[in-house]
Amino acid sequence: MPFSKEKQIKIHDLMVKARLLEERLIKMNKSGLGFFWIGGAGEEAFHVPLGMLIKKGEGLDYDFLHFHYRQSATLLTLGVEMIDVIRQMHNTAADPYSGGRNFVNHFAVKKWNVVNVTSPIEVQLATCIGTGVAHRRHGGEGITIVTGGDAGTAEGEFASALGWASRKDRELPILNIVTDNRYGISTPFAEVHCDRPIAERGRAFGIESATINGNDVAESYAAIEKAMAYVRKKRKPYLLEVKVSRLYGHSSASGANWVEGEVDGIVEFEKKLKNAKILGEDDFKKVREKYEQESIEAVKKVLKEPKPKPEVIFEHIFADRKDAEIPWPPWLKK
Ligand SMILES: Cc1ncc(C[n+]2csc(CCOP(=O)(O)OP(=O)(O)O)c2C)c(N)n1
């Protein structure tokens, strides 16, 4: 491993934390405590290193993050609390990302430049251009990072983002990450794409790119470090294709059941930690128990919290409701 024992223990801890959180969210959905689940079980080996390497902060001196909906591991690594994700799952008023309005794993954190995660796919490939241009004008080492899935690369926004990022002498410092789990809901990769790596599409735009195994912690860490160093210094785009697993299928809409035959990045990492005598079975069990307990305590607390009041529905929207000509719906009349 190219990094210290302490760092490996930290990565393992965060990976398990993210997995236990996702499994708790799935249980909540199945027991009627959350109406929809979508999340990142199977992407932890990539997203924990990503979270560790992000230049975290607010404003253009820091990275701007336009994320996909499978990044609980990145957000936990940045410092998000389990309980807040559970608040969004249960749609309570205290959900800090959407005030109880949005699906789970739809983060928005202004103090860390986490731009609202959207349910319509590939919207982030359009918004990333804005901060990419701002980062270019600002200079420094802050970069724009955008993530999306493999199926989403069939949409126009993906090609547009590559085009905008690679204009001659106006290149944008954007790290464009595609997490490839080989499916778009139930549509297999080959139904939508040619039999070539997605990373190769970078070539047509003169964009540096790589394809990596996102189930391997060391490979992920090294590839992110390399790609980030390139984008930060050269102020040019980089396309990183990351092979990942989808351990509970697409979402609760497809059942959210364990999928046999997928590689589990946590199991793979634990084999390495054991072989290197860094951690053993007892340690693994303790970490799992710690986060199992934290998630259970969080659910108990959240179940007692209030839901948002109907009057707040028009808060945080672009149009100023006071000046709008649209009448208030009768059920909201004061
Ligand atoms: C614009 C738009 N079209 C269709 C959908 C329905 N939809 C939700 S997720 C999804 C599949 C996305 O697959 P991929 O981009 O590979 O990401 P993954 O969910 O596999 O991580 C689709 C088609 C959507 N949310 N938004």
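Select β3 (144-149): Thr-144, Val-146 and Gly-148 point one way from this strand, Ile-145, Thr-147 and Gly-149 point the other way, and all are buried. The model on display is a predicted one. In a regular strand the side chains alternate between the two faces of the sheet. Because six of the six residues of β3 are buried, the strand is largely enclosed by the rest of the structure.

**The neighbours of β3**

Add β1 (64-66) to the selection. β1 and β3 run parallel and are joined by three bridges. Val-146 of β3 has His-66 standing opposite.

Next, select β4 (174-180). Six bridges join β3 to β4, and these strands also run parallel. Here Gly-149 stands opposite Thr-179 in β4. To follow the connection, trace the chain from β3 through α6 to β4; this β-α-β crossover is right-handed.

**The whole sheet**

Now display the six strands that form an open sheet, in the order β2-β1-β3-β4-β8-β7, with parallel pairing. β2 (114-115) and β7 (208-213) stand at the edges, each with a single partner strand, so one side of each is left without a neighbour in the sheet.

At the β2 edge, two bridges join this strand to β1, and the two run parallel. Selecting Leu-65 shows its position opposite Val-114 in β2.

At the other edge, select β7 together with β8 (residues 238-243): six bridges join these parallel strands. Ala-210 has Leu-240, in β8, as its bridge partner. The route from β7 to β8 passes through helix α7 (residues 217-234), and this β-α-β crossover is right-handed.

**Helix α5**

Move to helix α5, residues 123-138. At 1.5 Å a residue, its 16 residues should span 22 Å; the end C-alpha atoms are 23 Å apart, which agrees.

Which residues of α5 are buried? Select Gln-124, Leu-125, Cys-128, Ile-129, Thr-131, Gly-132 and His-135 to see them. An α-helix has 3.6 residues a turn, so residues three or four places apart point the same way. With the surrounding elements displayed, the buried residues of α5 can be seen to pack against β1, β3, α6 (156-165) and β4. Continuing along the chain, α5 is followed by Gly-139, whose phi is positive, near 75°.

**Around the ligand**

Select the ligand and the 15 residues around it; Pro-120, Gly-149, Ala-151, Gly-152 and Gly-184 come nearest. Gly-149 has already appeared on this tour, opposite Thr-179 in β4. β3 and β5 (183-184) each supply at least two residues of the shell around the ligand. Colouring the shell by class gives five nonpolar, eight polar and two charged residues.

**Gly-51 in helix α2**

For the last stop, select Gly-51, whose place is in helix α2 (residues 44-53). Is Gly-51 buried or exposed? Gly-51 is buried, because 23 other C-beta atoms lie within 10 Å, where 20 or more are required for that class. Leaving aside residues up to four places away in sequence, Gly-51 touches Ala-73, Thr-74, Thr-77 and Leu-78. Finally, draw a distance from Gly-51 to Gly-140: these residues are 89 residues apart along the chain, and their C-alpha atoms are separated by 20 Å.

Terms used. Residues are numbered from 1 along each chain as its sequence is written. This is a predicted model: local features need pLDDT of at least 70, side-chain atom pairs count only at pLDDT 80 or more; totals for chains, interfaces and linings use all residues. Helices (H or I, at least four residues) and strands (E, at least two) are DSSP runs, numbered from the N terminus. The expected span of a helix is 1.5 Å times one less than its number of residues. A residue is buried if 20 or more other C-beta atoms lie within 10 Å of its own, exposed if 12 or fewer, and partly exposed in between; C-beta atoms are placed from the backbone. Two residues are in contact if their C-beta atoms, placed from the backbone, lie within 7 Å. A residue is near a molecule or strand if its C-beta atom, placed from the backbone, lies within 6 Å of it. Ala, Val, Leu, Ile, Met, Phe, Trp, Tyr, Cys and Pro count as nonpolar, Asp, Glu, Lys and Arg as charged, and the others, Gly among them, as polar. Two strands pair if DSSP finds at least two bridges between them. A crossover is right-handed if, with the strands pointing away from the viewer, the path from the first strand over the helix to the second runs clockwise.
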